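Please open the structure in your viewer and keep the sequence panel beside it. The tour below goes from one selection to the next and says what is there at each stop.

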Amino acid sequence: MRATGFRLLLPLLGLCALWASLCTARAQLQVGLQTDRFNYLIYEPLAVHLTIENLAGFDLLFQDGAEKPWLTFFITRADHSLVMPDQKIAGKDLKVAAGESVSLNVDITPLYRMRETGVYKIQAVIDVAGREYLSTPIQITLENGQRIWSETRSIEGSPRTYSLVRFAPNMQGTNLYLRVEDAAQNLVYSNALLGEIVDVAVPQIFFDNAGQIHILQLNGNATYHYTRASADGTILSQSVYDSVAMSQPQLVRQSDGGILVVGGRQENDSTRRERLSDNQARIPQVEAAPVTGPFTPAPAQAPSGSGTPGGSPPPLPSGSTN
C-alpha cells in the first residue's frame with residue numbers, strides 16, 4: 001500500500017513542479033499596454049504605450065528571431081476575426097536589466113490592416129527565447145469622422161484625393177485632419193492632425209503652383225492655425241496667427257502662384273503654445289520597416305491647378321487589404 005501511494009504521489013509532485021515552473025515563468029516578465037484614448041479616426045496614427053518590467057532576477061535580451069520579431073501584436077475585430085499584419089516591426093535589440101522597467105511607443109496603424117471602422121481588441125506579444133508573454137488587452141474604436149471638404153487632382157495620371165476631416169476624440173474639442181489618398185492604388189498617403197478647429201468655421205484652402213496645400217483654420221477665439229503641406233500630405237510648416245483690431249489673417253494668392261498669409265499677427269515661435277500636431281513627432285520609438293503598400297508614402301510630382309473644392313472622393317477599395 002505504501003509503494004502504491006508513493007507511485008501515485010510522484011505524478012502529483014510532477015504536476016506541482018510544472019505549475020510552479022509556469023507561475024515562475026509568468027512572473028519573469030510583466031507586460032503592460034495603454035493608449036491615450038479609446039476612439040480614433042480611421043487611418044490616424046494609433047500610438048500604443050508598451051511597458052516591459054523584468055522580474056526574472058537576471059538581465060533579459062530581446063532579439064528578433066529568424067522568422068519572428070520579438071515584438072508583435074494580437075489584434076481582433078468585434079466578430080473575433082484576426083487582423084493580419086501589413087509589415088514587420090523593425091525592432092532593435094533591447095536589453096532590460098533585472099528589476100528594470102522600460103517603455104516603448106509604437107504606432108500600429110501602418111503595421112496592421114485596421115482598414116474598417118469598428119471595435120478592435122489589441123494585445124502586445126513579447127517573445128523571449130521562444131516563450132511568449134501577453135499584455136492585458138485594450139479596446140479601441142475606429143471612427144470615420146466628418147469630411148468637410150475634398151478635391152481630387154491628377155498626379156502622374158492617377159487621381160489623388162485631398163480631404164479635410166473633422167473628428168472629436170473627446171468632449172473637449174474637435175480636431176481637423178488632412179487626408180491624402182489614392183483610391184486607384186488603394187493608398188493612404190497621409191492622415192495628418194492639423195490641430196483644433198471651431199465647429200462653425202470653414203477653413204481656407206489653396207494649392208500653390210508647386211502643388212503644396214495651404215490651410216488656414218480658426219481654432220480658438222480669434223486665433224488661426226496655418227499649415228503648409230506637400231503634395232503627399234507631409235506637414236512642411238505650421239504657425240499660429242491672432243486677429244488684431246480690425247485685421248484678421250487670411251490666405252491670399254500672389255501673382256506668381258505663391259500663397260501668403262496676410263493680416264493678423266503671427267505668434268512668436270518662442271512663446272506660442274504647443275501645437276496639437278507636435279505630438280505626432282513623438283509617437284514612434286519602434287519603427288516599421290519601409291515596404292511598398294498601404295500607408296507607404298510615395299514621391300509625388302507637383303500638380304497644377306487652383307484650390308477650388310471638388311466633389312467627394314470614392315471610398316478606398318477594401319478587398320485587397322482586408
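**First stop: an aromatic cluster**

Select Trp149 and Phe207, both of which are buried, where buried means under 20% relative accessible area, exposed means over 50%, and partly exposed lies in between (1.4 Å probe, protein chains only). This is a predicted model, in which local features need pLDDT of at least 70 and side-chain atom pairs count only at pLDDT 80 or more, while totals for chains, interfaces and linings use all residues. Residues are numbered from 1 along each chain as its sequence is written, and side-chain values use heavy atoms, with hydrogens and water left out.

Add Tyr162 to the selection, since ring pairs link Trp149, Tyr162 and Phe207 into a cluster. Rings of Phe, Tyr and Trp (its six-membered ring) pair if their centres lie within 6.5 Å, and planes under 30 degrees apart count as stacked, over 60 as edge-to-face and the rest as tilted. By this rule the count comes to six aromatic pairs. One of them joins Phe62 and Trp70, whose ring centres are 5.3 Å apart and whose planes stand at 45 degrees, so this pair is tilted. Phe62 is buried at a relative accessible area of 0%, and Trp70 is buried at 2%. Trp149 and Phe207 also form a tilted pair, with 6.5 Å from centre to centre and 35 degrees between the planes. That pair links distant parts of the chain, because Trp149 belongs to strand S11 (residues 146–155) and Phe207 to strand S15 (residues 204–207), 58 residues apart; strands (E, at least two residues) and helices (H or I, at least four) are DSSP runs numbered from the N terminus.

**Second stop: charges over rings**

Keep Phe207 selected and add Arg153, which lies over the face of Phe207 at 3.8 Å from the ring centre. For this description, NZ of Lys or CZ of Arg must be within 6 Å of the ring centre and within 35 degrees of the ring normal. Then select Arg160 and Tyr189, where Arg160 lies over the ring face of Tyr189, at 4.1 Å from the ring centre.

**Third stop: two loops and a strand**

Which backbone angle should be looked at in Asn186? Asn186 has a positive phi of about 55 degrees although it is not a glycine, and most residues other than glycine have a negative phi. Asn186 sits in the loop between strand S13 (173–182) and strand S14 (187–196), and counts as buried at 10% relative accessibility. Tyr43, likewise not a glycine, has a positive phi of about 80 degrees; Tyr43 lies in the loop between strand S2 (39–41) and strand S3 (47–54) and is buried, with a relative accessible area of 13%.

Return to strand S14 and select Ser190, which is found there and counts as buried at 11% relative accessibility. Leaving aside residues up to four places away in sequence, Ser190 touches Leu178, Arg179, Val180, Asp232 and Gly233, a contact being heavy atoms within 4.5 Å.

**Fourth stop: salt bridges**

A search of the whole structure finds eight salt bridges, each being a side-chain nitrogen of Lys or Arg within 4 Å of a carboxyl oxygen of Asp or Glu. Select Lys68 and Asp127, whose side chains meet in a salt bridge (3.8 Å, N to O). Lys68 lies in the loop between S4 and S5 and Asp127 in strand S8 (residues 118–128), so the pair ties together parts that are 59 residues apart in sequence. Lys68 counts as partly exposed at 31% relative accessibility, whereas Asp127 counts as buried at 17%. Now add Glu132, whose side chain meets that of Lys68 in a salt bridge of 2.0 Å, N to O. Salt bridges that share partners thus join Lys68, Asp127 and Glu132 into one network.

**Last stop: the whole chain**

Finally, show the whole protein chain, which has one helix and 21 strands. Buried residues make up 44% of its 322 residues. Among contacts between residues at least 6 apart in sequence, 60% join residues at least 24 apart.
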